[in-house]
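Reader: I would like to learn how salt bridges and confidence values should be read in a model of this kind. Could we work through one case together?

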Amino acid sequence: MDKLINDFSFGLFFWQALILVILILLLVKFAWKPIMESITAREEGIKNALLSAENAKREMENLQADNQRILNEARAERDAMLKEAREMKEKMIADSKNEAQEAGQKMIDQAKAAIESEKNAAMAELKSQVSTLSLSIAEKLLKEELSNKESQTKLVEKLLGDVKLN
């Protein structure tokens, strides 16, 4: 360090200072504006990028909120549809049971009516056969009874006695 102080030359210092000042002036005149413009442009680009990122973040938050709202609406709609489907299923089952019971009751009533009709027809047929058979038996008995005179007299007396008693 002592050597630098001892060998100091004002002429060399002057020329070096002059070159430094000229270099600074040239840099200010020709390079400073483009450098500052590029720095300003970079700064603007960074600001724009930050604003775009902030806008994108807000938009993503809005989209997420919308997605959540839509998802909640879809879930509610799905739940409503499932509830409606369950109600429809239960109603269809109840309607089917009622229809089956009505159809079964109708079939039972028809069967009862058919049985009653058949029973009445059978009873009428049976009565008809019994009356025919009774008339036939009575006819045969009366022919036999009325074939002789003595039995006819006894029958008439008996019938007259029955009439008086009633």
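Author: Let us begin with a network of salt bridges that links Asp66, Arg69 and Glu73, a salt bridge being a side-chain nitrogen of Lys or Arg within 4 Å of a carboxyl oxygen of Asp or Glu. This is a predicted model, in which local features need pLDDT of at least 70 and side-chain atom pairs count only at pLDDT 80 or more, while totals for chains, interfaces and linings use all residues. Residues are numbered from 1 along each chain as its sequence is written, and side-chain values use heavy atoms, with hydrogens and water left out.

Reader: How far apart are the closest N and O atoms of Asp66 and Arg69, and of Glu73 and Arg69?

Author: For Asp66 and Arg69 the distance is 4.0 Å, whereas for Glu73 and Arg69 it is 3.0 Å. Asp66 and Arg69 are 3 residues apart in helix α2, and therefore separated by about one helical turn; helices here are DSSP runs (H or I, at least four residues), numbered from the N terminus.

Reader: Is Arg69 buried or exposed?

Author: Arg69 lies in between, being partly exposed at 41% relative accessibility, where buried means under 20% relative accessible area, exposed over 50%, and partly exposed in between (1.4 Å probe, protein chains only).

Reader: Which helix has the highest mean pLDDT?

Author: pLDDT is the predictor's confidence in each residue, from 0 to 100. Among the elements of the chain, α2 has the highest mean, 91, and helix α1 (residues 2-6) the lowest, 69. Where pLDDT is low, the predicted coordinates should not be read in detail.

Note on methods: Helix = DSSP H or I, 4+ residues; strand = E, 2+ residues; numbered from the N terminus.
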